[in-house]
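Work through the exercises below with the sequence and the structure at hand. Try each task before reading its solution.

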Amino acid sequence: MIGMNMEERIARINELYHKSQAEGLSEEEKEEQARLRKEYVESIRANMKSQLDSIVVQHPDGSREKLKDKYGNKR
C-alpha cells in the first residue's frame, strides 16, 4: 500500500470498515486498518498544524503577528 494517495487510503479504510461489518477482518487486515487510520489522522494533524501556523493576527494597533511566533510549538 506504499504510494497511496489520501483518496486511495480513505477508500481502503472504508472498504475495510464495510468488510469488518459484513464478515469480519483477518488479523492482517485489522493491522492494515489500524495503520491506515493512524496515517490518516497524522496527515490531518499535519495539515491542521500547517494551516494554524500560517494564520496571522492583526492587533488593534495595526501590528501583525503569526500565531506560530506567538505560541511556538508547545505541542
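**Exercise 1.** Find the element that holds Glu-29, decide whether Glu-29 is buried or exposed, and list its contacts beyond four places in sequence.

*Solution.* The model is a predicted one.
Step 1. Glu-29 belongs to helix H2.
Step 2. Its relative accessibility is 15%. The cut-off for buried is under 20%, so Glu-29 counts as buried.
Step 3. With neighbours up to four places away set aside, Glu-29 is in contact with Leu-16, Lys-19 and Gly-24.
Step 4. For Lys-19, the C-alpha atom is separated from that of Glu-29 by 9.7 Å, and the two residues are 10 apart along the chain.

**Exercise 2.** Place Gly-24 in the chain and classify its accessibility.

*Solution.* Step 1. Gly-24 sits in the loop between H1 and H2.
Step 2. Its relative accessibility is 27%. Values between 20% and 50% mean partly exposed, so that is the class of Gly-24.
Step 3. Not counting residues up to four places away, Gly-24 touches Lys-19 and Glu-29. The contact with Glu-29 was already listed from the other side in Exercise 1.

**Exercise 3.** Describe how helices H1 and H2 are arranged and which residues meet.

*Solution.* Step 1. H1 covers residues 6–22 and H2 covers residues 27–53.
Step 2. The helices pack at an angle of about 140 degrees, and their axes are 10 Å apart.
Step 3. An angle over 145 degrees would count as roughly antiparallel; H1 and H2 are therefore oblique to each other.
Step 4. The crossing of H1 past H2 is left-handed.
Step 5. On the H1 side the contact includes Met-6, Arg-9, Ile-10 and Tyr-17. On the H2 side it includes Glu-32, Leu-36, Tyr-40 and Ser-43.
Step 6. Sorted by type, the residues of this contact are 7 nonpolar, 2 polar and 7 charged.

**Exercise 4.** Which residues make up the largest nonpolar core, and what does Leu-36 touch?

*Solution.* Step 1. The core has 5 residues: Met-4, Ile-13, Leu-16, Leu-25 and Leu-36.
Step 2. Beyond four places in sequence, Leu-36 is in contact with Met-4, Arg-9, Arg-12, Ile-13 and Leu-16. Among them, Met-4, Ile-13 and Leu-16 are also listed in the core.

**Exercise 5.** Compare the accessibility of two residues of H2, Gln-33 and Glu-28.

*Solution.* Step 1. Gln-33 lies in H2, and so does Glu-28.
Step 2. Gln-33 has a relative accessible area of 10% and is therefore buried.
Step 3. Glu-28 has 65%. The cut-off for exposed is over 50%, so Glu-28 counts as exposed.
Step 4. Setting aside residues up to four places away, Gln-33 touches Ile-13, Leu-16, Tyr-17 and Leu-25.

**Exercise 6.** Where is His-59, and how far is it from Glu-23 in space?

*Solution.* Step 1. His-59 is in the loop between strand E1 (56–58) and strand E2 (64–66).
Step 2. With a relative accessible area of 25%, His-59 is partly exposed.
Step 3. His-59 and Glu-23 are 36 residues apart in sequence, and 57 Å apart from C-alpha to C-alpha.
Step 4. Another pair to check is Glu-28 and Tyr-71, which are 43 residues apart in sequence and 41 Å apart in space, C-alpha to C-alpha.

Conventions:
Residues numbered from 1 in each chain as written. Predicted model: local features only at pLDDT ≥ 70, side-chain atom pairs only at ≥ 80, totals over all residues. Heavy atoms only, no water. Core = buried A, V, L, I, M, F, W, Y, C linked by side-chain atoms within 4.5 Å. Buried < 20%, exposed > 50% of the residue type's maximum accessible area, 1.4 Å probe, protein only. Contact = heavy atoms within 4.5 Å. Axes fitted to C-alpha atoms, helices over the stretch in contact; angles between N-to-C directions. Helix = DSSP H or I, 4+ residues; strand = E, 2+ residues; numbered from the N terminus. Parallel < 35°, antiparallel > 145°, perpendicular 65-115°, else oblique. Left-handed = near helix turned anticlockwise from the far one by under 90°. Nonpolar A, V, L, I, M, F, W, Y, C, P; charged D, E, K, R; others polar.
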